[in-house]
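User: Could you take a close look at one part of this model for me, working outward from a single helix to the elements around it? I would like one connected account that I can follow with the structure open beside me.

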Amino acid sequence: MLEEVERWLTRRSWSAADRPLDRLLDARNEAHGRPTVSVVLPALNEAETVGDIVTTIRRELMEKVRLVDELVVIDSGSTDATTAVARRAGARVVHRDAILPRVPAVPGKGEVLWRSLLVTGGDIVCFIDADLKDFSADFVSGIVGPLLTEPSVQFVKAMYDRPFGDTTGQGGRVTEMVARPLLNLHWPQLAGFVQPLGGEYAVRRSLLERLPFPVGYGVELGLLVDALHTVGLDALAQVDVGVRKHRHQDGQALGRMAAAIYRTAQLRLSRGHLVRPSLTQFERGEHGFVPHTYPVDTEERPPMREIEEYVSRRAA
C-alpha cells in the first residue's frame with residue numbers, strides 16, 4: 001500500500017460513533033448557509049425492505065432530530081408494491097421515467113442515481129440501497145457526518161462487514177474478485193477503501209453535478225475513480241457503520257455486475273473507441289447448457305451541470 005494511502009487511512013477513516021447526532025446538528029447550524037441533506041433510495045421491487053428503511057430515516061433523522069431535509073425513493077419500474085409501501089412509510093416517490101422525459105430512460109442503477117439530482121435539492125446527497133435489512137440510521141448520519149464537520153471532505157463511503165449467510169466477511173464477492181484488484185492495480189490511491197462498490201455514500205452536490213454517471217452497476221466504481229481525479233484523495237473519506245445485511249444476488253447476476261464494472265474501469269483507462277461488449281452465460285436446460293448473451297452497460301450520462309433543465313432548476 002502506498003504511504004499516501006496509509007496516511008489517508010489514519011486521517012480519513014472514521015466510525016459513525018465518532019460524530020454523535022448532537023455534534024452533527026450543531027455543526028450544520030453553525031455552517032455557512034446551513035447545508036441541507038437529501039436522502040435518495042433507488043428502488044426496483046424492494047417492497048419487503050424499503051418501508052422499514054424509510055420509516056427508520058423519518059423517525060430517527062427527520063422527526064426526533066432534523067438532520068435529513070428530504071427523503072426520496074426513485075422507483076425504476078417496480079412490479080411489486082414498492083411504490084405504495086414507500087409512500088405509506090413517508091417517502092416522496094418519483095418514477096424514473098417522469099424525470100427528464102426528453103431523454104428516454106435506460107435500465108440501470110446509475111441511471112436512477114443520475115436522474116435523482118433533478119428532483120432533489122439538498123446540498124448533500126446521500127444514496128442508500130433499498131434492499132438493506134436490519135437498517136440503522138447510522139448508515140445515513142455516519143456518512144453525512146464528515147461532510148458537516150470537515151469542510152474539505154466532499155465524498156464519503158460507508159464501510160461495513162458484509163456477512164454471506166453465516167460467514168462474516170469484509171467485502172462482497174464482486175468487490176473482492178473484480179473491483180479491489182482493479183483499484184489496487186490501476187488506481188492504488190483508492191486501495192484503502194473497504195467497500196468501494198458499496199451503495200451507501202454521501203457526496204456534496206457541487207461535486208456530483210460535475211461527474212459523469214455510468215448508467216448501470218459500474219456507477220459506484222466510476223464515481224469513486226472520477227471523484228479521485230476531480231478533487232483528490234484527501235477530499236474522499238469512509239465511515240464504519242457496522243454490518244450491512246441485504247439480499248444476495250445469484251452467481252450469474254454477479255457475473256453481469258462484474259462485467260459492467262470491468263467495462264467501467266476499461267473506459268477510464270482508455271477513452272478511445274471500444275467495441276460494445278457482451279457477456280455470454282450458461283444455464284442448464286432440458287437438452288443441456290443453453291447460452292444467454294447480455295449486453296454489458298457501456299452508456300454513461302454526462303455531468304448534470306451540462307443538462308439545461310438542471311441548470312435552469314438550480315438557477316430558479
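Analyst: What follows is a walk through helix 5 and its surroundings, starting with its charged pairs and moving on to the sheet, the loop before the helix and a few further elements. Please keep in mind throughout that this is a predicted model.

I begin with the charged side chains. A search of the whole structure finds 20 salt bridges, and two residues of helix 5 are a good place to enter that set. Lys109 meets Glu220 in a salt bridge with a distance of 3.0 Å from N to O. Because Glu220 belongs to helix 9 (residues 219-231) and Lys109 to helix 5 (residues 109-116), this pair ties together parts of the chain that are 111 residues apart in sequence. Both partners, Glu220 and Lys109, are buried.

The other pair to look at here involves Glu111, which forms a salt bridge with Arg301, with the closest N and O atoms 2.7 Å apart. This pair also links distant parts of the chain, since Arg301 sits in strand 14 (residues 300-301) and Glu111 in helix 5, a separation of 190 residues. Arg301 has a relative accessibility of 7% and therefore counts as buried, because the limit for that label is under 20%. Glu111, at 0%, counts as buried as well.

From Lys109 the charged contacts can be followed further. Glu200 and Arg244 form a salt bridge in which the closest N and O atoms are 2.8 Å apart. Glu200 is in the loop between helix 7 (173-186) and strand 8 (201-204), while Arg244 is in the loop between strand 10 (236-243) and strand 11 (245-246), so this pair ties together parts that are 44 residues apart in sequence. With a relative accessibility of 0%, Glu200 counts as buried, and Arg244 counts as buried at 3%. Salt bridges with shared partners join Glu200 and Arg244 with Lys109, Asp129 and Glu220 into one network.

Next comes the sheet. Eight strands make up an open sheet, in the order 1-10-7-8-5-2-3-4 and with mixed pairing. Strand 1 (13-15) and strand 4 (92-95) are the edge strands, each of them pairing on one side only, and the twist from one strand to the next averages 25°. Within this sheet, strand 2 (residues 37-43) and strand 5 (residues 124-127) run parallel and are joined by 4 bridges; Ser38, for example, has Val125 of strand 5 as its bridge partner. Helix 5 packs on the sheet, where it touches strand 2, strand 3 (70-75), strand 5 and strand 8, and its direction makes about 150° with that of strand 2. Helix 6 (residues 138-149) lies across strand 1, strand 2, strand 5, strand 7 (155-161), strand 8 and strand 10, and runs at about 145° to strand 7.

The loop between strand 4 and helix 5 deserves a look of its own, and Gly108 is found there. With a relative accessible area of 26%, Gly108 is partly exposed. Leaving aside residues up to four places away in sequence, Gly108 touches Val215 and Gly216. As a guide to scale, the C-alpha atoms of Gly108 and Glu30 are 38 Å apart in space, with the two positions 78 residues apart in sequence.

Leu100 lies in that loop between strand 4 and helix 5 as well. Most residues other than glycine have a negative phi. Leu100 is not a glycine, yet its phi is positive, at about 50°. Its relative accessibility of 6% means that Leu100 counts as buried. Arg34, in the loop between helix 2 (21-30) and strand 2, also has a positive phi, of about 45°, although it is not a glycine. Arg34 is partly exposed, with a relative accessible area of 34%.

Finally, a pair of helices can be set beside this picture. Helix 3 (residues 50-63) and helix 4 (residues 82-89) pack with their axes 8 Å apart and at an angle of about 20°, and they are therefore roughly parallel to each other. Their crossing is right-handed. Helix 3 contributes Val50, Gly51, Val54, Thr55 and Arg58 to the contact, and helix 4 contributes Thr82, Val85, Ala86 and Ala89.

Key
Residues numbered from 1 in each chain as written. Predicted model: local features only at pLDDT ≥ 70, side-chain atom pairs only at ≥ 80, totals over all residues. Heavy atoms only, no water. Salt bridge = Lys/Arg side-chain N within 4 Å of Asp/Glu carboxyl O. Helix = DSSP H or I, 4+ residues; strand = E, 2+ residues; numbered from the N terminus. Buried < 20%, exposed > 50% of the residue type's maximum accessible area, 1.4 Å probe, protein only. Pairing = 2+ DSSP bridges. Axes fitted to C-alpha atoms, helices over the stretch in contact; angles between N-to-C directions. Contact = heavy atoms within 4.5 Å. Parallel < 35°, antiparallel > 145°, perpendicular 65-115°, else oblique. Left-handed = near helix turned anticlockwise from the far one by under 90°.
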